[in-house]
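Hi,

Here is the structure I said I would pass on. Have a look at it first, and my notes are underneath.

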Amino acid sequence: MRGPLPISFDHLAHRDFLHHLDVFIRDSEKILTAWDAYSDEHTDLDGWPYDDHAYGLRQRQRDADTAEAFETVRAGARHLLATAGTQLPRLPPGSVQSHWVYRLGVLHAALDQLDALHEQWLRTRDDLPAAAPGTPAFDDALAEHHAECWSYLDDWATHGHVIGDINSSARHAPSPLAPPPRAAPAPAAGRTIEVRR
């Protein structure tokens, strides 16, 4: 399990990571909407598929598409979480939503699980030296890996927007480096001020 990465001050890279996250959230929403439409059309009133095999293949596709969409986020995910974790305590209390800490916790836990599952997949793949992509053994193992990852990817799709919300609040918050406004000094006691007319 990896610890948090150092915060980068490369604002262009941070903006790029945020962009990838936004694209993933949009793409995963489209994938889920398409899946829900398929599921509604191909199940009975109790939610049982009319065709188990076809339903399973379509579910595999949903899982694979979501995993592929997340690949652009993976490299910057720890950076995004570390940055949001640094920004959050520095925000003015009035600009902080109560659910932000919870959502960041969900994202941390989900990423830890995704990293562990990725390491597990690499070991599984190495144990299949004769199986290449496109063979049943490889494709079944990969589909199982995607299925195990899907709920954690869905956590990122559902809660990932909190990173952008925190970043937006941090960008609009008063800078802690800015000096506080000073009131004009009051006239010294005992002095009279002559007003010219």
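Helix 1 and helix 4 cross with a left-handed sense. Keep in mind that this is a predicted model. The two axes come within 9 Å and the crossing angle is roughly 120°. That makes helix 1 oblique to helix 4, because an angle counts as roughly perpendicular from 65 to 115 degrees and as roughly antiparallel only when over 145.

Which residues make up the meeting of these two helices? On the helix 1 side they are L21, F24, I25, S28 and L32, and on the helix 4 side W150, L153, D154, W156 and A157.

S28 deserves a second look, since it turns up in that list. Is S28 buried or exposed? Its relative accessibility is 6%, so S28 counts as buried, the cut-off for that being under 20%. A polar atom of the S28 side chain lies 3.0 Å from the backbone oxygen of I25, and I25 is itself among the helix 1 residues that meet helix 4.

D16 also sits in helix 1, which covers residues 11-41. Its relative accessible area is 38%, so D16 is partly exposed: that class lies between the 20% limit for buried and the 50% limit for exposed. The C-alpha atoms of D16 and V73 are 9.7 Å apart, although 57 residues separate the two along the chain.

Over in helix 4, residues 136-159, I picked out H145. With 10% relative accessibility, H145 counts as buried. What does H145 touch, leaving aside neighbours within four places in sequence? The contacts are L117, H118 and W121. For L117, the C-alpha to C-alpha distance to H145 is 7.4 Å, with their positions 28 residues apart in sequence.

Now the chain as a whole. There are five helices and zero strands, so the pattern along the sequence, given that helices and strands are numbered from the N terminus, reads α-α-α-α-α. Of the 197 residues, 31% count as buried. Taking contacts with a separation of 6 or more, 78% are between residues 24 or more positions apart. The chain exposes about 13,200 Å², and carbon and sulfur atoms supply 56% of that area.

If you open the model, I would begin with S28 and its 3.0 Å pairing with the backbone oxygen of I25, then go across to the helix 4 residues listed above, W150 and W156 among them.

Cheers

Conventions:
Residues are numbered from 1 along each chain as its sequence is written. This is a predicted model: local features need pLDDT of at least 70, side-chain atom pairs count only at pLDDT 80 or more; totals for chains, interfaces and linings use all residues. Side-chain values use heavy atoms; hydrogens and water are left out. Buried means under 20% relative accessible area, exposed over 50%, partly exposed in between (1.4 Å probe, protein chains only). A polar contact is a pair of N or O atoms within 3.5 Å; within protein, one must be able to donate a hydrogen and the other to accept it, and residues adjacent in sequence count only if both atoms are side-chain atoms. Contact means heavy atoms within 4.5 Å. Accessible areas come from the Shrake-Rupley method with a 1.4 Å probe; for residues, only the protein chains shown count as cover. Axes are lines fitted to C-alpha atoms, for helices over the stretch in contact, and angles run from 0 to 180 degrees between N-to-C directions. Angles under 35 degrees count as roughly parallel, over 145 as roughly antiparallel, 65 to 115 as roughly perpendicular and the rest as oblique. A crossing is left-handed if the near helix is turned anticlockwise from the far one by less than a right angle, and right-handed if clockwise.
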